Amino acid sequence: MVQESTQADAPVIAEGVDEEPVEANRRLFTGWRMQVLAAVAAVYALFHMAALNGVSISAYTGITVPLLPQFPMETWNFRIVHIAGALALGFVVYNAMLFSDKDENTQGGIWGKLAYVLFIPALFALGTSLWFAQTIASGTLPEMGGLTTWPAFAGTPIYNQEVWYFGFPLLIATGGGIVLGWLETAPRDRFRVSDILLGVCGIAVAAYLVAIYGTAARNAVGTPFVPIGVAFAATAGSAMILELTRRVAGLALVIITGVFLLYTFVAHLLPGILAVQSAYSWQRFFGHVYSDAGILGPTTAVSSTYIILFIIFAAFLQASKVGDYFVNFAFAAAGRARGGPAKVAIFASGLMGMINGTSAGNVVATGSLTIPLMKKVGYRPTTAGAVEAAASTGGQIMPPIMGAGAFIMAEITGIPYQEIAIAAIIPAILYFVSVYFMVDFEAAKLGMRGMREDELPKLAKMVRQVYLFIPIIILIAALFMGYSVIRAGTLATMAAAVVSWLTPFPMTLRGIAKAFELAGIMSIQIIAVCACAGIIVGVISLTGVGARFSAVLLDLAGVSQLLALFFAMCIAILLGMGMPTTAAYAVAASVVAPGLVQLGIPQLTAHFFVFYFAVLSAITPPVALASYAAAGISGANPMQTSVASFKIGIAAFIVPFMFFYNSALLMDGTWFEVIRAGITATFGVFLLSGSVQGWFMGQRSAWFIRVGLLAAALLMIEGGLVTDLIGIAVTAGAWLIQRFLHLDPNASIAVRGAD
């Protein structure tokens, strides 16, 4: 939002840019319904904060309450409850379809009544799972190796109970609930019966898995001997995860997951590297996928710890209006430069995107302010949207928080998060410097002005409020003092609450409760996406298809390592198209990164390579989520906007290749090597921007000058001493030609025919 008077030249003050956008299928409850939802969401977020910091109710009161925060809470159980809570919240908050006017006047109908009927099998399945838990806890079952056994083999009474009392009722209720979700309508401020039904099914899945995974049956996961009930629970759970992902993130990830699921059951029929020796049964696959090799694996491990913790941190920052301050500070610092709003977008979107976690969400948050102002100073709608999309996407690679993908990288690779954040510094600088040069040269070509002093927030006032950066400074300091990510994030969250007392928006107990409520709602999308990506990871781990892609990369590397890297880039971008950053990286890291490591590329370099292209898929045509979101605000053509944002972010497509040829860009080397690599690469992206925009040393450039600048840029970016010297020589030659020959920008080289 922009606060301004009716006068066109009123000061631009950002307000509400860090408020969560309201999706077109999100319910807007009022009255007691809103209070109930707020309480559940707040408890859900608080549950994670308490469990991650070792708060134990039983330790303080002596009362043991099942599934409430205890330390250490059993890992699989914690992740199962984490997903179940997101499913229950998500189905209630997000409607299956976009709202229309007719929904405001309809309630329930025949589909709502049918949903009530389906509560019978849902509650029956839930009751059965609780009965199983009671049976296991009773001590009447035999033990083996200190673990309670779960004798659910074919022909036993427990097997029949799992099939008829738990499995089929659960699948009937889940399948019916998903179908009815597409049919049942209700006003936007009311609950739907089918959504509550799906929430009950999600709880039933969790109750069963928590009980069974506490027995020796966990050891059978991934084998043909897995209990049949686990396969039923995993099937229902996977279906609900896919449906919630469709509601919160669209069809792209769901379709990709569907392709992987289909591959699992037809892989034995396929030729070549995609083939497997024998078919996988339904029971074996779904008994495998809801384990730490799939849904409960690295993606959910990160979403249930680091990601949700930093979502809570972001919610506390939002409550203290730090997002508004970031944008206003960027306006005060950069608004006077030519094309000022575009440069504001770069700084503000980088700061916001760092803690936002999604490129498209960041576009909506800051773009609603910056895009109209860019158009006001002369940028075309396509360019305005493209600048915002490119800048918002770059926020995902901005340390120290780097959206959410960096936490998954730390989990998958085992590399300390601090090392990842340090390694990301120079690449992030190169990205934003490149985008800055691109918009600056565009503004210079169009003769744009900056914003006037009276149009901007007062820099002196912004400097006096610099204390709002304290929570982020505390986060960085705590990380580099050796505190764990969880402890550092908790300290930063507490600091955000304390700092808010110095602002006009102090956080009271009500404000803190509101922040936890916001965190609970904000976490739904990322949890669903991570769980859905976990299904793909489960397919890859069971079928070994990732190893087959690695073999292809190795074969290509025998011909050319550059060709192998290009192939890896294409796979990472294709897998990431239309997907949120977190899921895009998680999937690409499972398919592509192992092959790069086998090529001899260091693990950190390989994963950064994959991570960058997963991030850049948000601005890569033809499916560019961030660009499409920006086009919706700017009013430009989405495809043209995605092409323009690809052009503005072009340097980022070269930076990952630089890692391979010059590891000093990831802080791997002596200080001299790192500094020289950073300086020459920065000069290289300056030349690259000049080549792409056709602007060099204060004037337009002829096409052959642009070609020379491109060659010099690639030589400087490569990073070797000889290539640097050649690049400098080419640049000097281009400058001398342009400076003294005064060439027409539209000049061409005359070619005489042989006649």
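Which residues in α23 meet which residues in α24? In this predicted model, Ile571, Ala572, Leu575 and Gly576 of α23 are in contact with Ala584, Val587, Ala588 and Val591 of α24. By class, the residues of this contact are seven nonpolar, one polar and no charged. Two packed helices are described by the angle between their axes and the distance between the axes. For helix α23 (residues 561–576) and helix α24 (residues 581–591), the axes come within 9 Å and cross at roughly 145 degrees. The crossing of α23 past α24 is right-handed.

A second helix to look at is α28, which spans residues 638–648. Its buried residues are Thr641, Ser642, Ala644, Ser645 and Ile648. These residues lie on the same side of α28, because the arc they cover around the axis is only 165 degrees. What do the buried residues of α28 pack against? Their partners are α14 (381–394), α17 and α27 (625–634).

Helix α17 also takes part in a salt bridge. Asp440, in α17 (residues 425–446), pairs with Arg338, which lies in the loop between α11 (322–334) and α12 (340–356). The closest N and O atoms of Asp440 and Arg338 are 2.9 Å apart. Since the two residues are 102 residues apart in sequence, the pair ties together parts of the chain that are separated by that distance along it. Asp440 has a relative accessibility of 10% and so counts as buried, the cut-off being under 20%. Arg338, at 35%, counts as partly exposed.

The structure holds twelve salt bridges in total. Another of them is formed by the side chains of Arg676 and Asp724, at 2.8 Å from N to O. This pair also links distant parts of the chain, with Arg676 in helix α30 (residues 671–693) and Asp724 in helix α32 (residues 721–741), 48 residues apart. Here the acidic partner, Asp724, is buried, with a relative accessible area of 4%, while Arg676 is partly exposed at 25%. Salt bridges that share partners also join Arg192, Asp195, Glu243, Arg246 and Arg247 into one network.

Arg26 and Glu23 form a further salt bridge, and their closest N and O atoms are 3.7 Å apart. In this pair Arg26 is buried, with a relative accessible area of 15%. Glu23 is partly exposed, with a relative accessible area of 28%.

The loops hold some local features. One is the peptide bond from Pro621 to Pro622, which is cis, with omega near 5 degrees. Pro622 sits in the loop between α26 (603–616) and α27, and α27 is one of the helices against which the buried residues of α28 pack.

Another is at Met667, in the loop between α29 (655–661) and α30. Phi of Met667 is near 65 degrees, a positive value in a residue other than glycine. Met667 is partly exposed, with a relative accessible area of 27%. Helix α30, which borders this loop, is the helix that contains Arg676.

Is Gly155 buried or exposed? Gly155 counts as exposed, because its relative accessibility is 67% and the cut-off for exposed is over 50%. Gly155 is located in the loop between β4 (147–148) and α5 (157–183). From Gly155 to Pro187 the separation is 32 residues in sequence and 48 Å in space, taken from C-alpha to C-alpha.

How values were computed:
Residues are numbered from 1 along each chain as its sequence is written. This is a predicted model: local features need pLDDT of at least 70, side-chain atom pairs count only at pLDDT 80 or more; totals for chains, interfaces and linings use all residues. Side-chain values use heavy atoms; hydrogens and water are left out. Axes are lines fitted to C-alpha atoms, for helices over the stretch in contact, and angles run from 0 to 180 degrees between N-to-C directions. Helices (H or I, at least four residues) and strands (E, at least two) are DSSP runs, numbered from the N terminus. A crossing is left-handed if the near helix is turned anticlockwise from the far one by less than a right angle, and right-handed if clockwise. Contact means heavy atoms within 4.5 Å. Ala, Val, Leu, Ile, Met, Phe, Trp, Tyr, Cys and Pro count as nonpolar, Asp, Glu, Lys and Arg as charged, and the others, Gly among them, as polar. A salt bridge is a side-chain nitrogen of Lys or Arg within 4 Å of a carboxyl oxygen of Asp or Glu. Buried means under 20% relative accessible area, exposed over 50%, partly exposed in between (1.4 Å probe, protein chains only). The arc is that of the directions from the helix axis to the C-beta atoms.
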